[in-house]
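Me: Could you take a close look at the aromatic rings in this structure? I would like to hear how they pair up, and where charges sit over them.

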Amino acid sequence: MMNIRSFSFVFVIFVAFCCLEAHAQKITAKPNIVIIYTDDLGYGDISANGATRVKTPNIDQMARQGLRFTNAYATSATCTPSRFSFLTGKYAWRKANTGIAPGDAALIIPTDIEILPRMLQKSGYQTAVVGKWHLGLGPQGGPDWNSEIKPGPLEIGFNYSFIMPATADRVPCVYLENHRIVDLDPADPIIVSYKEKVGNDPTGKENPELLKVKYSHGHDATIINGVSRIGWMSGGNRARWIDQDMADVFTNRALSFIEKNREKPFFLYFATHDIHVPRVPHSRFAGKSGMGPRGDAILQLDWTVGEVLKALDRLQIADNTLVIFSSDNGPVVDDGYDDNAVELLKDHTPSGDRRGGKYSAFDGGTHIPFIVKWPGKIERGAVSNALFSQVDLYASLAFLTGQGLSGDNAPDSFNSLSTLLGATADRKYVVQQSVNNTLSLIHGNWKYIEPSNGQKMNVMTNTELGNLAEPQLYDLKSDVGERNNLAGKYPLEVKRLSDMLKKIKESNKTR
Ligand code: NG6
Ligand code: CA
């Protein structure tokens, strides 16, 4: 029988949950907010979502303490546009030059719009970004790596930044703290080029015998730490990162920011490098998954998540912290390095039950893991099948912190706070973008993919891209794997959805 204490506990939870259901729209609070945004992690890559060959105990524990989504989407099947949309609340395809950015691109987010960190900053938050940036840096023409690098994160609303400029497979392979490269020796300046070889460092193309990790496609330029990258760099030797230490370096910075700001409301955008290529995990994880570096990188990522959650517990701020865990796009197995990921995959399915993966218009491109934890406010161990899009994080967090949306800010971001906290769907449709800008629309059970003359396969990564010259229509309820194109059978649905998408495209604002 239930004793009085446990009865009262259950009663309090019950009342709290009812209040939450009824008043989710009205909650105004300033919890700390941590977004752990992973790179290229698939829905099926974590055991919370059904993976069995790789185990993610810390992420699974977060799911047990919070709410796990089965129907959440990134806005794009690649990194730069997904991050752009989530930070600005605007679909990236509305703006030119928001595709995968080279490592020397200029800042692609305008400094005069109010993006998510700025919005939270105005509401009294201390804001930080730690980890992968990949949204460009500096003025038109790109940054001057050897002096102050701006505009960047600090000019668009972050109080603190500790980042890698683009991706770990792109030069320059250095960390940036606020406006400066960390540990740069002025006597050994950095030169970066995406057009031609600079300096005398060996390249993967010319000196493959020097490589610790071999490339499979692209990635044949300057060798840094035994790994050849996209783009050439010279100089900055003291400042060059060591791939094996990267998860430790970023995690330590994230934890110091949390610790330093534990008394104030803070927002931490923690963008891990894991599990993007090159996958060179620390020796604590290397060889531990039995699935090669890709599986080992998942273990390292899981460790990172555990460190963040433990720190919140240790500092006794977990109850007042909303943690969101997600990924920027779907999974890829061979993304340009020959690290045995393909051979060791066996029956592991990174995209879960979806078709395609990173880059794709099929669901595997954008259907991502999404877990939210806020003890006391979100029911423990709940699962939500509601449709959710990362583009709604902006408006949802604005409403949570008691702010409205002004003017043209965050034009595509809906207030989906009640969905985020566990109620049924606020959103009736989501729009996604593939690597070649094919758009798709999910509405109810239907998924519509617009006609496209783009390639059908990315033969290098072995990904089905989902492009077809004719419209595609799938019933996700009976055909989540998008195998049976029903466009011919339901022309009126095709017309309705293509009209709807046309309207979304032609408007400047959907909210
Ligand atoms: C591709 C790279 C891939 C990865 C991707 C960006 C080649 C052949 N492939 O162009 O390795 O870097 O860009 O990934 O260079 S993302 O997750 O940052 O979008
Ligand atoms: Ca990515």
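Reply: Happy to; here is a walk through the aromatic rings and their partners. Please keep in mind that this is a predicted model.

A search of the whole structure turns up 19 aromatic pairs. One of them joins Tyr 91 and Trp 93: the ring centres are 5.0 Å apart and the planes meet at 10°, so this pair is stacked, the angle being under 30 degrees. Both partners are out of the solvent, as Tyr 91 is buried and Trp 93 is buried too.

Phe 162 and Phe 250 make another kind of pair. Their planes stand at 80° with the centres 6.2 Å apart, so the arrangement is edge-to-face. Phe 162 belongs to strand β5 (residues 160–164), while Phe 250 belongs to helix α5 (residues 246–260), so their contact ties together parts that are 88 residues apart in sequence. Phe 162 has 1% relative accessibility and therefore counts as buried. Phe 250 is buried as well, with a relative accessible area of 2%.

Rings also gather in a group: Tyr 37, Phe 86, Trp 133, Phe 158, Phe 267 and Tyr 269 are linked into a cluster by ring pairs.

Finally, have a look at Arg 427, which meets two rings. The charged end of Arg 427 sits over the ring of Phe 414, 4.0 Å from the ring centre. Arg 427 also lies over the face of Tyr 429, here at 5.3 Å from the ring centre.

How values were computed
Residues numbered from 1 in each chain as written. Chains lettered and ligands numbered in written order. Predicted model: local features only at pLDDT ≥ 70, side-chain atom pairs only at ≥ 80, totals over all residues. Heavy atoms only, no water. Phe/Tyr/Trp six-rings, centres within 6.5 Å; stacked < 30°, edge-to-face > 60°. Buried < 20%, exposed > 50% of the residue type's maximum accessible area, 1.4 Å probe, protein only. Helix = DSSP H or I, 4+ residues; strand = E, 2+ residues; numbered from the N terminus. Lys NZ or Arg CZ within 6 Å of the ring centre and 35° of its normal.
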